[in-house]
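I am opening these notes to keep track of what I look up as I go through a structure that is new to me. Each entry takes up one topic.

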Amino acid sequence: MSYTTTYRYTADVIDLKTDRASVVEGDVTVGGAEGHTGARRVVQARYSRQGLTVTDVRFQPTR
């Protein structure tokens, strides 16, 4: 039986072209076996497609 886990995250991102940093928040769902490592990869990929670099990701418990 497969299952998924949803994580709420806060990430620090930077646009290297403009040197502008910001904080973004959201939810990410991954396969249960992937855990925080898989969730971190998904978050990094999500923002790198927008030309942003993720410098830190913090996860909060979901309710």
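**Entry 1: the helix and what it packs against.** I began with the buried residues of α1, and I found that they pack against β1, β2 and β3. The model is a predicted one, and I keep that in mind for every value below. The residues of α1 that I found buried are Gly 35, Gly 38, Ala 39, Val 43 and Tyr 47. They lie on the same side of α1, because the arc they cover around the axis is only 165 degrees. I also looked up the length of α1: with 14 residues, the helix reaches 20 Å from its first C-alpha to its last, which is close to the 20 Å expected at 1.5 Å a residue.

**Entry 2: the chain as a whole.** I then stepped back and noted that the chain has 1 helix and 3 strands, and that its elements, read from the N terminus on, run β-β-α-β. Along the principal axes, the C-alpha atoms fill a box of roughly 45 × 20 × 15 Å. Of the 63 residues of the chain, 33% count as buried. I looked as well at contacts between residues at least 6 apart in sequence, and among these 53% join residues at least 24 apart.

**Entry 3: the nonpolar core.** Which residues have the most contacts inside the largest nonpolar core? I found that this core has 14 residues, and that Tyr 9, Ala 11, Val 28, Val 43, Tyr 47, Val 57 and Phe 59 are those with the most contacts inside it. The elements that give two or more residues to this core are β1 and β2, together with α1 (35-48) and β3 (53-60), and β1 gives the most, with 4 residues. I add the general remark that nonpolar side chains tend to be buried together in soluble globular proteins.

I followed Tyr 9 further, leaving aside its neighbours within four places in sequence, and its contacts include Val 24, Val 28, Val 43, Tyr 47, Val 57 and Phe 59. Charged residues are also among the contacts of Tyr 9, including Glu 25, Asp 27, Arg 46 and Arg 58.

**Entry 4: salt bridges.** How many salt bridges are there in the model? The count comes to 3, and I went through them in turn.

In one of them, the side chains of Arg 8 and Asp 27 meet with a distance of 3.1 Å from N to O. Since Arg 8 lies in strand β1 and Asp 27 in strand β2, the pair ties together parts that are 19 residues apart in sequence. Arg 8 is partly exposed, with a relative accessible area of 38%, and Asp 27 also counts as partly exposed, at 38% relative accessibility.

Another salt bridge is formed by Asp 12 and Arg 58, whose closest N and O atoms are 3.1 Å apart. This pair links distant parts of the chain, with Asp 12 in strand β1 and Arg 58 in strand β3, 46 residues apart. I noted Asp 12 as partly exposed, with a relative accessible area of 22%, and Arg 58 as partly exposed at 31% relative accessibility.

Arg 58 also meets Asp 56 in a salt bridge, at 2.7 Å from N to O, and Asp 56 counts as partly exposed at 32% relative accessibility. Asp 12, Asp 56 and Arg 58 are thus joined into one network by salt bridges that share partners.

**Entry 5: a buried charge without a partner.** I turned next to Asp 15, whose place is in strand β1. Asp 15 is buried yet has no salt bridge, and the nearest side chain of opposite charge, that of Lys 17, is 6.1 Å away. That distance rules out a salt bridge between the two, because the cut-off is 4 Å. Apart from neighbours within four places in sequence, Asp 15 is in contact with Arg 20, Gly 51 and Leu 52.

**Entry 6: the loop between β1 and β2.** Is Lys 17 buried or exposed? I found Lys 17 in the loop between β1 and β2, and at 81% relative accessibility it counts as exposed. The C-alpha atoms of Lys 17 and Leu 52 are separated by 8.9 Å, although the two are 35 residues apart along the chain.

Asp 19 is found in the loop between β1 (4-15) and β2 (20-31), and at 59% relative accessibility Asp 19 counts as exposed. My last note concerns its backbone: phi of Asp 19 is near 60 degrees, a positive value in a residue other than glycine.

Methods:
Residues numbered from 1 in each chain as written. Predicted model: local features only at pLDDT ≥ 70, side-chain atom pairs only at ≥ 80, totals over all residues. Heavy atoms only, no water. Buried < 20%, exposed > 50% of the residue type's maximum accessible area, 1.4 Å probe, protein only. Core = buried A, V, L, I, M, F, W, Y, C linked by side-chain atoms within 4.5 Å. Contact = heavy atoms within 4.5 Å. Lys, Arg positive; Asp, Glu negative; His and termini not counted. Expected span 1.5 Å × (residues − 1). Arc of directions from axis to C-beta.
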